[in-house]
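The following exercises ask the reader to work through the contacts, sheet and salt bridges of one protein model. Each task is followed by a stepwise solution.

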Amino acid sequence: MWKARPTGQVTIFAEKDHLVDIEFVELFGLSDVRWLNEKLILMLVWWGRMAATDLIFDVEREKIISSWSVTDGTLAYRQYLESCPIHGCRCIKKK
């Protein structure tokens, strides 16, 4: 079956007898995967151009211990700037 979005995978070697694979499906992108300290990994998983999830993975316990939604406002801010000629609307008087 054809999928519209790719999958992504993070493979973790934590000096154990096995590797830990975390697989993401229907993914837009995976960025900022990095160690926070000796036992925690931060991952930023993009589901679309504006929607993402930050995840913190505990390597010792082999589970996600924290997650929160992210909304990137860059695109909306750029659209706002394009609609306003001088870094804001003419309807708002600046002194």
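**Exercise 1. The surroundings of Leu19**

In this predicted model, Leu19 touches Thr11, Ile12 and Phe13, residues up to four places away in sequence being left out of the count. Determine where Leu19 is placed and whether Leu19 is buried or exposed.

Solution.
- Step 1. Leu19 belongs to the loop that lies between strand E1 (8-12) and strand E2 (20-24).
- Step 2. The relative accessible area of Leu19 is 51%. The cut-off for an exposed residue is over 50%, so Leu19 is exposed.

**Exercise 2. The open sheet**

State the order of the strands in the open sheet, and identify which strands stand at its edges.

Solution.
- Step 1. The open sheet is built from 4 strands, in the order E3-E4-E5-E6, with antiparallel pairing.
- Step 2. Strand E3 (29-35) and strand E6 (63-71) each have a single partner strand and stand at the edges, so one side of each lacks a neighbour in the sheet.
- Step 3. From one strand to the next, the twist averages 15 degrees.
- Step 4. Strand E5 (residues 51-58) and E6 run antiparallel and are joined by 8 bridges. Asp58 stands opposite Lys63 in E6.

**Exercise 3. The salt bridge of Asp58 and Lys39**

Determine which parts the salt bridge between Asp58 and Lys39 ties together, and classify Asp58 as buried or exposed.

Solution.
- Step 1. The closest N and O atoms of Asp58 and Lys39 are 3.6 Å apart.
- Step 2. Asp58 lies in strand E5, and Lys39 in the loop between E3 and strand E4 (40-46), so the pair ties together parts that are 19 residues apart in sequence.
- Step 3. Asp58 has 1% relative accessibility and counts as buried, whereas Lys39, at 32%, is partly exposed.
- Step 4. A network of salt bridges links Lys39, Asp58, Glu60 and Arg61.

**Exercise 4. Two further salt bridges**

How many salt bridges does a search of the whole structure find, and where do Glu62 and Lys16 lie?

Solution.
- Step 1. The search finds 5 salt bridges. One of them joins the side chains of Glu62 and Lys16, at 3.3 Å from N to O.
- Step 2. Glu62 lies in the loop between E5 and E6, and Lys16 in the loop between E1 and E2, so this pair ties together parts 46 residues apart in sequence.
- Step 3. Glu62 is partly exposed at 33% relative accessible area, and Lys16 is partly exposed at 30%.
- Step 4. The side chains of Arg34 and Asp32 also meet in a salt bridge, at 3.0 Å from N to O. Arg34 counts as partly exposed at 41% relative accessibility, as does Asp32 at 38%.

Conventions: Residues are numbered from 1 along each chain as its sequence is written. This is a predicted model: local features need pLDDT of at least 70, side-chain atom pairs count only at pLDDT 80 or more; totals for chains, interfaces and linings use all residues. Side-chain values use heavy atoms; hydrogens and water are left out. Two strands pair if DSSP finds at least two bridges between them. Helices (H or I, at least four residues) and strands (E, at least two) are DSSP runs, numbered from the N terminus. Axes are lines fitted to C-alpha atoms, for helices over the stretch in contact, and angles run from 0 to 180 degrees between N-to-C directions. Buried means under 20% relative accessible area, exposed over 50%, partly exposed in between (1.4 Å probe, protein chains only). Contact means heavy atoms within 4.5 Å. A salt bridge is a side-chain nitrogen of Lys or Arg within 4 Å of a carboxyl oxygen of Asp or Glu.
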